[in-house]
Amino acid sequence: MELSKLTNSFLNLIGAEKDNLFESIGNILFSERKNDILSAYVELVGGDLLTDNLQKIFQYHYADRKEKCQDYTPKSIAKLCAAQTRTNCDTVYDLCAGSGALTIQKWVENKAKTFICEELDDRVIPILLFNLAVRNISGYVINRNALTLEIVKCYRLISGENFSDISVINNVPDIVADEVVSNPPYNIKWEAPAPLLADERFQGKPIPPSSNANFAFVLTALSRMKQDGRCAFVLPNGVLSSDVEKDMREHLINSGMIERVITLPDKMFEATSIPTCIIVFSASNKTVKFYDCRRKAVQEQRDQNGQFGGASHENRTYHKTVNILPDDVIESVCGECEDIAEFSREVNTEEIAEKEYILVPSRYIKFERREAQHRPYEDIMADINRISRERSVIKITCNETLAKSLKLDKLVSQEEKASDIDLNKTFEILGGKYESRRYITLSKNKNEFKIENQDKEILSNIINFFLLMWEQHISYLNSEENRLLAELRDAMLPDLMSGKIDVSDMNI
């Protein structure tokens with residue numbers, strides 16, 4: 001169902017407004033109306049309980065991408081994690097469960113299992129409970145900080161005739177899981193608990209860097225997995241090669257815990273372009289199976305009506321294209337690992353040690369050498385200039401103190417950094433002209449904000465609404481420009497090496 005229609009239909013179903021959605025769901029789940037509302041929801045989504053439809057609403061309207069890094073798991077990634085963690089056992093643990101997308105795909109494979117979901121954000125807890133109850137799931141929802149272990153509340157779900165019964169309980173169950181899935185927030189800062197010797201998660205292991213908690217989440221999950229269990233984590237690609245996490249990779253490889261590493265295609269997530277991977281953990285591995293799925297995606301178009309611009313745009317349809325992994329690709333990375341050029345290879349741990357425990361699959365998989373094929377330079381430069389022109393259509397002039405409070409100073413530093421790269425000469429050599437204009441400038445004038453904030457004492461509230469769309473737009477355009485610049489670089493390299501392009505007059 002299209003997002004705008006889904007959102008309005010769901011709000012009408014539960015009798016809520018956008019600003020009291022979570023409270024309304026929470027009240028319903030502990031009222032006599034619960035089963036009637038759950039039945040009506042099943043009818044609303046056409047009986048489709050294989051998809052986390054409520055995730056779409058939360059992700060677009062409510063997700064906190066800045067502080068909590070909430071970018072919820074796309075369905076095909078959730079299916080891949082579910083497939084990677086299949087066992088014949090009973091208990092599934094979803095760490096940082098969000099609205100429950102990973103749990104739902106595990107439930108699709110086997111509805112009889114017990115599901116334990118742990119999530120910090122108390123706003124999404126009602127949606128998570130709703131998702132589990134409507135599927136008649138048995139298990140627990142633990143509202144807790146997974147790193148500090150600070151508990152907020154715990155819920156017990158028991159399968160009923162059609163839907164789960166929910167109750168609040170005082171004691172949090174010990175988690176001992178057969179199958180573990182997780183898509184934690186990426187690269188968030190954390191502090192290791194003290195004293196470390198009292199925390200079994202980190203005993204005898206390297207301590208993940210304070211700059212990010214990626215492997216702190218991993219160690220937390222592995223401490224709750226059975227010896228013969230399986231675990232799949234969705235993580236940023238940086239964990240595969242960053243210097244600060246090398247000790248963690250070395251420990252996990254030498255302890256035989258890493259079974260597979262899978263790099264994913266880009267543009268799979270709705271709200272982030274961070275490159276991601278899946279690491280599969282199990283016990284006693286002497287080799288690692290590497291897969292590169294970046295070229296295995298197919299595109300899916302999603303339509304959204306009236307999501308931007310208010311009433312005047314209600315009848316406008318916005319098209320968004322995302323990448324998904326087909327089911328046959330998902331199955332192909334679950335079995336034996338064949339030596340297939342540009343896709344897969346199984347590698348012993350000695351070779352990984354020789355490469356300094358870098359786990360980027362392309363370091364190990366064979367890639368065929370071929371003459372680089374690229375679009376005409378004119379087309380690439382035209383696209384770069386199109387992005388540059390579109391980015392600078394709107395220019396902001398902002399008081400420098402105000403810019404810091406609005407967190408616009410980061411965009412200024414990004415623009416200044418980008419301006420250090422002089423593309424004019426490169427474009428001239430290729431017969432073009434680089435078109436670029438500034439799109440943000442700081443000033444000393446008190447409360448100055450132009451597009452255009454004319455009152456020097458009051459900042460209009462509408463600016464915050466505008467900035468959200470503008471920042472997302474600029475981030476997208478910056479990402480597109482970086483992608484096109486990389487394409488231009490890769491296109492030029494063969495011609496530079498062969499002397500086809502004369503760089504004798506380039507001042508580099």
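Contact here means heavy atoms within 4.5 Å. The structure is a predicted model.

**Exercise 1. Find which elements the buried residues of α8 pack against.**

Step 1. List the buried residues. They are Asn214, Phe215, Ala216, Phe217, Val218, Leu219, Thr220, Ala221 and Leu222.

Step 2. Judge the cover. Nine of the nine residues of α8 are buried, and the helix is mostly covered.

Step 3. Name the partners. The buried residues of α8 pack against the strands β1 (91-95), β6, β7 (225-236) and β9 (276-281), and also against helix α9 (246-254).

**Exercise 2. Do the same for helix α4 (residues 53-61).**

Step 1. Collect the buried residues. Asn53, Leu54, Gln55, Ile57, Phe58 and Gln59 make up the set.

Step 2. Trace their packing. The partners are α1 (3-14), α2 (21-29), α3 (34-44), α6 (101-109) and α7 (125-134).

**Exercise 3. Set the chain as a whole in numbers: elements, burial, contacts and surface.**

Step 1. Count the elements. The chain has 16 helices and 16 strands.

Step 2. Take the burial. Of 508 residues, 49% count as buried.

Step 3. Take the contacts. Among those with a separation of 6 or more, 71% join residues 24 or more positions apart.

Step 4. Take the surface. The chain exposes about 25,500 Å². Carbon and sulfur atoms supply 48% of that area.

**Exercise 4. Classify two of the nine aromatic pairs in the structure, and place their partners.**

Step 1. Start with Trp190 and Phe202. Their ring centres lie 5.6 Å apart, with 40 degrees between the planes. Planes under 30 degrees apart count as stacked and those over 60 as edge-to-face, so an angle in between is tilted. The pair Trp190 and Phe202 is tilted.

Step 2. Locate that pair. Both Trp190 and Phe202 sit in the loop between β6 (177-182) and α8 (214-222), twelve residues apart.

Step 3. Check the burial of both residues. The cut-off for buried is under 20% relative accessible area. Trp190 is buried because its relative accessible area is 6%. Phe202 has 3% relative accessibility, so Phe202 is buried.

Step 4. Turn to Tyr291 and Phe343. The centre-to-centre distance is 5.8 Å and the planes make an angle of 65 degrees. This pair is edge-to-face.

Step 5. Locate the second pair. Tyr291 belongs to strand β10 (residues 287-292), while Phe343 lies in the loop between α10 (327-332) and β13 (344-348). The two are 52 residues apart, and the pair links distant parts of the chain.

Step 6. Check burial again. Tyr291 is buried because its relative accessibility is 1%. Phe343 has a relative accessible area of 8%, so Phe343 is buried as well.

**Exercise 5. Identify the aromatic cluster that includes Tyr41, and the charged residues over the face of Trp107.**

Step 1. Name the cluster. Phe10, Tyr41 and Phe130 form one aromatic cluster.

Step 2. Inspect Trp107. Lys111 lies over its face, at 4.6 Å from the ring centre. Arg135 also lies over the face of Trp107, at 5.9 Å from the ring centre.

**Exercise 6. Work out the strand order and edges of the open sheet that contains β14.**

Step 1. Recall how strands join. Strands of a sheet pair through backbone hydrogen bonds, either parallel or antiparallel.

Step 2. Write the order. Three strands run β15-β14-β16, with mixed pairing.

Step 3. Mark the edges. β15 (440-443) and β16 (449-450) each pair on one side only.

Step 4. Examine one pairing. Strand β14 (residues 396-399) and β16 are antiparallel over two bridges. Cys398 has Phe449 in β16 as its bridge partner.

Note on methods
Residues numbered from 1 in each chain as written. Predicted model: local features only at pLDDT ≥ 70, side-chain atom pairs only at ≥ 80, totals over all residues. Heavy atoms only, no water. Helix = DSSP H or I, 4+ residues; strand = E, 2+ residues; numbered from the N terminus. Buried < 20%, exposed > 50% of the residue type's maximum accessible area, 1.4 Å probe, protein only. Areas by Shrake-Rupley, 256 points an atom, 1.4 Å probe, with all protein chains shown as cover. Phe/Tyr/Trp six-rings, centres within 6.5 Å; stacked < 30°, edge-to-face > 60°. Lys NZ or Arg CZ within 6 Å of the ring centre and 35° of its normal. Pairing = 2+ DSSP bridges.
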